[in-house]
Amino acid sequence: MAAVLLPALAFGQAPTSAPAAAAGEKPNFTGTYAFVQKRSDDLQEMIGRAVGPGSTLNNKKSEQARVWIHDWLEGIVADPEKKILTIEHNAQLFSSGLGDEVNRYYFGREATSRGPGGGLNKVTVAWNGDQIVTMEKQDKEKGKGSITAIYTLLPDKKTLLVAWRLEHESLMHPLEVKLAFERTH
């Protein structure tokens with residue numbers, strides 16, 4: 001999932017804002033974007049380091065979850081349709097998806113979605129300066145993981161950077177990647 005694009009997108013640091021088009025206006029992320037591998041982290045390498053091998057090492061249930069996450073992420077890497085990001089954005093909604101997997105987030109309200117492993121996630125979207133931050137977190141009873149994405153549209157209005165972080169108790173450490181996309185429509 002990608003090489004370091006901007007130091008400000010590194011997790012653990014406060015995100016910085018790109019200049020807005022005009023004072024008080026937020027950027028409009030609506031569009032179709034193509035993945036730019038050469039400006040992104042190496043997804044397979046990052047998956048291997050954070051998630052580990054694609055097979056179980058023992059019979060622990062956490063190993064099964066880790067292998068499932070590994071296979072899910074490798075499937076994203078291998079699917080050419082997953083290299084096209086589509087975003088619909090207005091004052092109420094932020095919809096983002098790779099291929100046919102689309103997530104809808106509504107500003108100002110928490111929603112519930114079904115996670116990739118079938119559990120329930122609490123989902124939110126919020127502005128942080130000129131960036132949009134989405135978060136999916138397993139409900140407190142399960143409390144095993146979360147996915148956070150920080151979307152930054154650069155001043156050229158064509159380049160989109162996405163800093164993505166997956167946490168789950170079965171991983172060796174959180175998976176943090178930086179992805180670059182170029183607007184096609």
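W127 is partly exposed in this predicted model, with a relative accessible area of 29%. Its ring partner tells another story: F29 is buried, at a relative accessible area of 0%. A search of the whole structure turns up five aromatic pairs, and F29 with W127 makes a tilted one, 6.1 Å centre to centre with 50° between the planes. F29 sits in the segment before β1 (31–35) while W127 belongs to strand β6, so the pair ties together parts that are 98 residues apart in sequence. Both rings also belong to one aromatic cluster, made up of F29, F94, F107, W127 and Y151.

Why does F29 count as buried? Its relative accessible area is 0%, and the cut-off for buried is under 20%. W127, at 29%, falls between that cut-off and the 50% over which a residue is called exposed.

While we're on rings, have a look at Y106 too. The charged end of R109 sits over the Y106 ring, 4.2 Å from its centre.

**The strands**

β6 (residues 120–128), home of W127, pairs with strand β7 (residues 131–138) in the antiparallel sense, over eight bridges. Within that pairing, V125 of the one strand stands opposite T134 in β7. The hairpin of β6 and β7 has two residues between the strands, and G129 takes a positive phi near 65° there.

Further along the chain, β9 (residues 159–168) has a neighbour on either side in the pairing list. Strand β8 (residues 145–153) runs antiparallel to β9, and nine bridges join the two. On the other hand there's strand β10 (residues 175–183), which pairs with β9 over eight bridges, again in the antiparallel sense. How is β9 placed with respect to solvent, mostly covered or mostly open? Mostly covered: nine of its ten residues are buried.

For individual bridge partners, I147 is matched with L166 in β9, and L161 with A180 in β10. As for the turns, the β8 and β9 hairpin has five residues between the strands, with K157 taking a positive phi near 60°. The hairpin that joins β9 to β10 goes through six residues.

Here are the three pairings together:

| Strands | Bridges | Residues between strands | Bridge partners |
|---|---|---|---|
| β6 and β7 | eight bridges | two residues | V125 and T134 |
| β8 and β9 | nine bridges | five residues | I147 and L166 |
| β9 and β10 | eight bridges | six residues | L161 and A180 |

**The core**

The largest nonpolar core counts 31 residues, and F94, Y151 and L160 have the most contacts inside it. Elements that each supply at least two of its residues are β1, α1 (43–51), β2 (84–89), β6, β8, β9 and β10. Which element gives the largest share of this core? That's α1, with five residues.

L160 is worth clicking on. Leaving out residues up to four places away in sequence, L160 touches F29, Y33, L85, I87, Y151, T152, L153, L179, A180 and F181. Two names there are familiar from the aromatic cluster, F29 and Y151.

**A loop residue to finish**

S40 lies in the loop between β1 and α1. Is S40 buried or exposed? It's buried, with a relative accessible area of 4%. A polar atom of the S40 side chain lies 2.8 Å from the backbone oxygen of V36.

Terms used: Residues numbered from 1 in each chain as written. Predicted model: local features only at pLDDT ≥ 70, side-chain atom pairs only at ≥ 80, totals over all residues. Heavy atoms only, no water. Buried < 20%, exposed > 50% of the residue type's maximum accessible area, 1.4 Å probe, protein only. Helix = DSSP H or I, 4+ residues; strand = E, 2+ residues; numbered from the N terminus. Pairing = 2+ DSSP bridges. Phe/Tyr/Trp six-rings, centres within 6.5 Å; stacked < 30°, edge-to-face > 60°. Lys NZ or Arg CZ within 6 Å of the ring centre and 35° of its normal. Core = buried A, V, L, I, M, F, W, Y, C linked by side-chain atoms within 4.5 Å. Contact = heavy atoms within 4.5 Å. Polar contact = N/O pair within 3.5 Å; in protein donor to acceptor, adjacent residues only side chain to side chain.
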